[in-house]
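Biologist: I'm new to this one, so could you walk me through it?

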Amino acid sequence: MATRQAFFVASADWKRLLKNRDVVWLVIGQAISQIGDGLSKLALLWFVYDLTRSALEMTMVGILQTIPPLVFGPFVGVLLDRVAKRSAMIVIDTVRAGLLALIPTMYWMGLLTLPLLYVLVFVTALFSMAFGPAMKAMEPQLVPSDQLTQINALDQGTMTIGQLLGPAISGVLIAIIGAQNVLYVNAGTFLVSALCKIPLTVKEKGPSGPRSGSAAVALRDLREGIQFVFVEHRLMLLLMAVASLATLGSTAFIYLLPVLAKDYLHADSVELGWLWASLGLGLLVTTLWMAAVSQRELCQRLGLIAGASALGSLAIFGLTMTTSFPILVLLIAAVGVSSGVVNPFVSASIQERTPKHMLARVFSVFNTGVLVAAMVGMTGSGWIADRMGPSVSLLATAGVSVAAAVLTAVLIPWCHRLRA
């Protein structure tokens, strides 16, 4: 009876969320934009490699896309806290569309050089890094506090759809129209995303305090955001520790997957595609569940994160003990299920506890810390795999997930004390 009642409550919450016109427009725009992002990631790498025939030159694209959020993210958050988020997102999408369209246009005109291509990639990344904090800062204006987990789950769901559909569609389009022309398609998705923001009826309050654009005011605002996360609110530091450790493990696993398929399983590209799809499907299952259930309080969320991390560690450990392809698919799907729990819960918790006029800079500071963990996961998993083999790297990744589960479980009593 209790389960049936919970189902009806969750169904009512789901219907209430989707009746929100602003949420529907936001989700539609994000789904289209994320598919476009998935198109662009493969097409841009393919285009650069086809242009240069150099793997090193190709990897520069990823480096140039990582530097802006790592170095400039907190400063962008200060700026976003002083502008209307809806307008900022429209401008960001429009500028990204123009920059992406410029790459194939200049290529066809014979004006595209490799340094210029890198500049366009870097500037596009500068604008792209501002989109996430702007959206996270706007979401509490769209839904009541008891639906923050759900809207963050929907946001994660659009990203998952993009990861599943984007690369597959991109491969087909590259074969039909060429990699450089796929960038035009991605530019079009950004324009559609911008148009979807226009009907939003969110009424944002202006920032409090002086609106001077001086460096002193900007540094003061940045310091305020850093102090909020690291000094004034220990729950924020708790959430960053949990998110960083979980991200380190999940990122390490994602970058290990091609190595695992090729060197450990001796799988071909089609089988790698199935393994990658199973990871995304697991993530999507978690996303749909989180979007449908009622909101949990913070300490309960930490319990679920601890359980999910433990599940992920067991699944990763299981990968070292079998070469059966169907079992591998199920285990990787379990990893996807576990990794999908962290982001919606953590994002909703930040949105609940941060003053609205500080949301963008707090998210930017928070994301910078998590990005550092992601980079450690990328490089660490690759280093261990190169020197000790993929099995050892998998065991190390499973160990990180165990550490995330243990840390989160240990912090639950602290969470109860802080909330008392």
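Modeller: Sure, one definition to start: Ala, Val, Leu, Ile, Met, Phe, Trp, Tyr, Cys and Pro count as nonpolar, Asp, Glu, Lys and Arg as charged, and the others, Gly among them, as polar. This is a predicted model, where local features need pLDDT of at least 70, side-chain atom pairs count only at pLDDT 80 or more, and totals for chains, interfaces and linings use all residues. Residues are numbered from 1 along each chain as its sequence is written, and side-chain values use heavy atoms, with hydrogens and water left out.

Biologist: How many nonpolar, polar and charged residues are in the lining of the largest cavity?

Modeller: A cavity is a set of points on a 1 Å grid over the protein atoms alone where a 1.4 Å probe fits but cannot get out, and lining residues have an atom within 4 Å of a point. Here L26, V27, Q30, M135, E139, I151 and D155 line the largest cavity. Sorted by class, that's four nonpolar, one polar and two charged.

Biologist: Which helix gives the largest share of that lining?

Modeller: Helices are DSSP runs (H or I, at least four residues), numbered from the N terminus. Those giving two or more residues to this lining are α2 (21–52), α5 (114–142) and α6 (148–177). The largest share, three residues, comes from α2.

Biologist: Are α11 and α12 roughly parallel or roughly antiparallel?

Modeller: Their axes, lines fitted to C-alpha atoms over the stretch in contact (heavy atoms within 4.5 Å), come within 8 Å and cross at roughly 155 degrees. Angles run from 0 to 180 degrees between N-to-C directions; under 35 counts as roughly parallel and over 145 as roughly antiparallel. So α11 and α12 are roughly antiparallel.

Methods
Parallel < 35°, antiparallel > 145°, perpendicular 65-115°, else oblique. 1 Å grid on protein atoms, 1.4 Å probe; cavity = no way out; pocket = protein on both sides within 12 Å on 5 of 7 lines; lining within 4 Å.
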